[in-house]
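Please look at the structure below with its sequence beside it, and follow the text from one place to the next. Each paragraph takes up one part of the chain and says how the words it uses are to be understood.

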Amino acid sequence: MTSPVVTGPFALGEALAGREQADLLRRRIATDGPTGARLVVDGRDYLNFSANDYLGLADHSAIKAAFKAGIDRHGAGAGASPLVTGYSRAHQELEETLAEWLGVEAVLLFNCGFSANQAVLKALLGKEHLLWQDRLNHASLQEMGSQLPCRMKRFGHNDMAALERQLEPNRGLIVSEGVFSMDGDQGPWHELATLAARSGNWLMIDDAHGLGVLGPQGRGTLAAQGVHPASVHIQMGTFGKALGVAGAFVGGSRELVEYLVNFARHYVYSTHMPAAQACAVSKSIELVRAADDARAHLGQLIARFRQGAEALGWRLGASETPIQPLLVGESAAALQLAQRLRDSGVWVSAIRPPTVPVGTARLRITLSAAHREQDVDSLLYALGPCPLGAGAEGACHA
């Protein structure tokens, strides 16, 4: 059946056509079964190097059992916002576990990292404030920053000299990431904490991709870099990556959490995450804290991939984390390479603008502790040597 032509003030079709012509149109692909080291699409089994399931916990039997037991005890949904009847003992226990694990006074749960980031910025920043953001911060942070009455200043990626030149004393909030989601590199948190303390401004970390992966007991980027949690006023992390479930949190002082309970609209006016989900996350944290062997194995896989890809002539980003960007350049070339891998039974996503800057399209290869060395070798075999001139300029080492 042919779709009717839609007329009116919104040129939807024109916008979609423009994206398709620029090789930027996005389409969803339905998968079957759990997401892990392997993926099933349309009945075909693939090696999966696109998920954020860094510790291989998304299909862990103990987490699934905790989720099921939580449903039996608490039901399938929270039923209301947390300030009505949606806040359960399971939520409270998870918050207390997170606070102890991460060394903060208090924690507040959110349905996702996007809403957690936006809730914090919107609740804290008024027209009298300034907001400083790394240029490669997540879209949730950049978008909310552009909509607030405060003035937002963006500094070059991990450029502490540029940030220092921009800072004004006691004016607002500095925000950066622990592990950057598209580049896999880390923010310089000793320098960030020093600049924040010296200027009298608050500091916030988005550690969605560092939590569970880095540091002793998987406590994240700050622990890995030896930065005391008290020197970072706000911590945000998510449960849908290394922890294998879903949801997010904001941690900090008790006063901050109490303030957000009263002023964070994304929290006050949203139905809370199901209590059963909180039960699953609590079990996940227990596993993550004891997962040093899995983290060591993951580190070995990362080194194996980087050595192999560089030997084949491919250009990688400066990342020591499970996020390994293979830089291609142009969107069409990234799509072609992703399709070639898919034809070989390897699933890797092509990342294109506006998610990354124009001219930096890439394959975002993500490794998991659930992968084996043979899986990494299969990925390298499917990539093969980087042909000179393939894709865009700079895709291969000369």
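Ser181 is found in the loop between β6 (172–177) and α7 (189–199), where helices (H or I, at least four residues) and strands (E, at least two) are DSSP runs, numbered from the N terminus. The model is a predicted one, in which local features need pLDDT of at least 70 and side-chain atom pairs count only at pLDDT 80 or more, whereas totals for chains, interfaces and linings use all residues. Residues are numbered from 1 along each chain as its sequence is written, and side-chain values use heavy atoms, with hydrogens and water left out.

Is Ser181 buried or exposed? With a relative accessibility of 11%, Ser181 counts as buried, a word that stands for under 20% relative accessible area, while exposed stands for over 50% and partly exposed for what lies in between (1.4 Å probe, protein chains only). Not counting residues up to four places away in sequence, Ser181 touches His138, His209, Ile323 and Arg364, and contact here means heavy atoms within 4.5 Å.

Ser181 also appears in a record: under "binding site", an unreviewed UniProt entry lists Gly113, Phe114, Ser181, His209 and Thr238. UniProt positions are given in the numbering used here, feature names are shortened, and annotations may be inferred rather than shown by experiment. Although these residues span 126 residues in sequence, no two of their C-alpha atoms are more than 13.3 Å apart, so they gather at one spot. From this set, Ser181 belongs to the lining of the second largest pocket. On a 1 Å grid over the protein atoms alone, a pocket is an open set of points with protein on both sides within 12 Å along at least five of seven lines, a cavity is a set of points where a 1.4 Å probe fits but cannot get out, and lining residues have an atom within 4 Å of a point.

Another residue of the UniProt list, Phe114, has its place in helix α4. Phe114 counts as partly exposed, at 36% relative accessibility. If its neighbours within four places in sequence are left aside, Phe114 is in contact with His138, Ala139, Ser140 and Glu143.

Helix α4 comes up again around α9 (residues 254–263), a helix in which Leu256, Val257, Leu260 and Val261 are buried. Why do these residues lie on the same side of α9? They cover an arc of only 140° around the axis, and this puts them on the same side of the helix, the arc being that of the directions from the helix axis to the C-beta atoms. What covers the buried residues of α9 includes β3 (106–110), α4 (113–124), β7 (202–206), β8 (234–238), β9 (248–252) and α10 (265–268). On the face of α9 turned away from its buried side, the reader will find the exposed residues Arg254, Glu255 and Glu258.

Strand β8, which is among the elements covering α9, holds Gln235. Gln235 is buried, its relative accessible area being 8%. Beyond its neighbours within four places in sequence, Gln235 is in contact with Leu102, Val104, Ile205, Leu222, Pro229, Phe249, Val250 and Gly251.

The backbone has some features to look for in the loops. In the loop between β12 (349–351) and β13 (361–366) lies Pro354, and the peptide bond from Pro353 to Pro354 is cis, with omega near 10°. Asp23, in the loop between α1 (12–21) and β1 (38–41), has a phi near 60°, a positive value in a residue other than glycine. Gln217, in the loop between β7 and α8 (221–225), likewise has a positive phi near 60° without being glycine. Asp23 is partly exposed, with a relative accessible area of 31%, and Gln217 is partly exposed at 29%.

Empty space is the last topic. Rolling a probe the size of a water molecule over the atoms shows where such space is left. The count comes to 1 cavity of 30 Å³ or more, and the largest cavity has a volume of about 50 Å³, where grid points are joined across faces, edges and corners and a volume is the space filled by probe spheres set on the points. Among the residues that line the largest cavity are Gly36, Asn48, Tyr54 and His371.
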